[in-house]
Amino acid sequence: MLNIGVIGCGAIGRDHIRRLTDIVPGCQVVACADYFEEAAIKVAAQYEGMKAYKTGEELIAAPEVQAVVITSSDPSHAGYVLEALKAGKYVFCEKPLAQNAEDCEKIIAAETAHGKRLLQVGFMRHYDRGYAEMKRIIDSGELGAPLMIHACHRNVSQPDGFQTEMGVSNVAIHELDICRWLLGDEYKSGQVLKVRQSACSTKGYDNPQIVLLETQSGARIDVEVQVADAYGYDIQCQVVCEKGTVNLPDPYAVVKRSNATRSFPILTDWKDRFIEAYDIELTHWVKTLEEKGEPDGPSAWDGYAACVAADTLNRSRGTNQFLPIEMMDKPALYK
């Protein structure tokens, strides 16, 4: 059994603890921690044998913890990851890996110095069946080379304190990762644009925004980012290839016909949209650690690439220019 400690007892942290306890075989959650100690104590009390720690650092250092899952607030990710790597422990970190590319580079340096992969980043869309089938079709070459991606990320609301830049670095970070993964290509340049603002968007941040990207091979990507006041949680993606297109399927839903209308429900919660992907992701993570001794999912390099793109896009805001997306040389560990 892999003994896991979870840092962060908010919504996703509690959901991952449930998942690791009830669904994922070969592991057990033996510890948890949260910035608000009372939250960790409350969660630990719900599970037999789970200990609540006052800080994430104490949890990482605990001898019974073999692997760490980080679901705490975004600004805390890099510090906890570096602490886990220093301790030589496996670590699964929810996105984003860090708040900026500089911190990602520190993480890459620490993992590279260790000599093998210890880290996986929580880009769960790699494990969504729809995206996985899109990737298979693109890689097969049956539709020819991919030319363009049209995508959108629509959400219902954001918490207090949300800022314009977070629409790229915290929300569209998933598109920055998944588009790169689907194409098997690195980014060359990018730009983010403010468009006509929704009358419903009166909370002080730009909404919607449009992200534009060009890859090294010349493929073009546009992403509509609507972080709040949309009709639901709606993720769309279409890849245009030389000989056809491939579309991300909508989640399964029963279609209702009544009163001269045809309708089906639209999800409003991201946890529901990707619930199966999360199950598959963490099951694969634990199984891979057991069988291979290191993770093979989204790496520190993937986290870094998404972060560099996000940093560049946010710098481009208001310039009306595409800015170059410049990355360091890729270490051999991630090739």
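This passage describes a sheet, a helix and a surface patch in a predicted model.

Seven strands are arranged as an open sheet with mixed pairing, and their order is β12-β11-β7-β10-β9-β8-β15. The edge positions are taken by β12 (244-247) and β15 (323-324); each has a single partner strand, so one side of each is left without a neighbour in the sheet. Strands of a sheet pair through backbone hydrogen bonds, either parallel or antiparallel. Within this sheet, strand β9 (residues 209-215) and strand β10 (residues 220-226) run antiparallel and are joined by six bridges. Gln-209, for instance, has Val-225 in β10 as its bridge partner.

Helix α10 comprises 18 residues, from 275 to 292. The distance from its first C-alpha to its last is 25 Å, close to the 26 Å expected at 1.5 Å a residue. An α-helix has 3.6 residues a turn, so residues three or four places apart point the same way. The buried residues of α10 are Ala-277, Tyr-278, Asp-279, Glu-281, Leu-282, Trp-285, Val-286, Thr-288 and Leu-289. The residue that follows α10 is Gly-293, which has a positive phi, near 80°.

On the surface, Tyr-231, Val-255, Phe-264 and Ile-266 make a nonpolar patch of about 370 Å². One of these residues, Ile-266, lies in the loop between β14 (261-263) and α9 (270-273). Ile-266 has a relative accessible area of 44% and is therefore classed as partly exposed, because this class lies between the limits of 20% for buried residues and 50% for exposed ones.

Definitions and conventions: Residues are numbered from 1 along each chain as its sequence is written. This is a predicted model: local features need pLDDT of at least 70, side-chain atom pairs count only at pLDDT 80 or more; totals for chains, interfaces and linings use all residues. Side-chain values use heavy atoms; hydrogens and water are left out. Patches are made of residues with over 30% relative accessible area and no salt bridge: like charges are joined within 9 Å, nonpolar side chains (Val, Leu, Ile, Met, Phe, Trp, Tyr) within 5 Å. Accessible areas come from the Shrake-Rupley method with a 1.4 Å probe; for residues, only the protein chains shown count as cover. A salt bridge is a side-chain nitrogen of Lys or Arg within 4 Å of a carboxyl oxygen of Asp or Glu. Helices (H or I, at least four residues) and strands (E, at least two) are DSSP runs, numbered from the N terminus. Buried means under 20% relative accessible area, exposed over 50%, partly exposed in between (1.4 Å probe, protein chains only). The expected span of a helix is 1.5 Å times one less than its number of residues. Two strands pair if DSSP finds at least two bridges between them.
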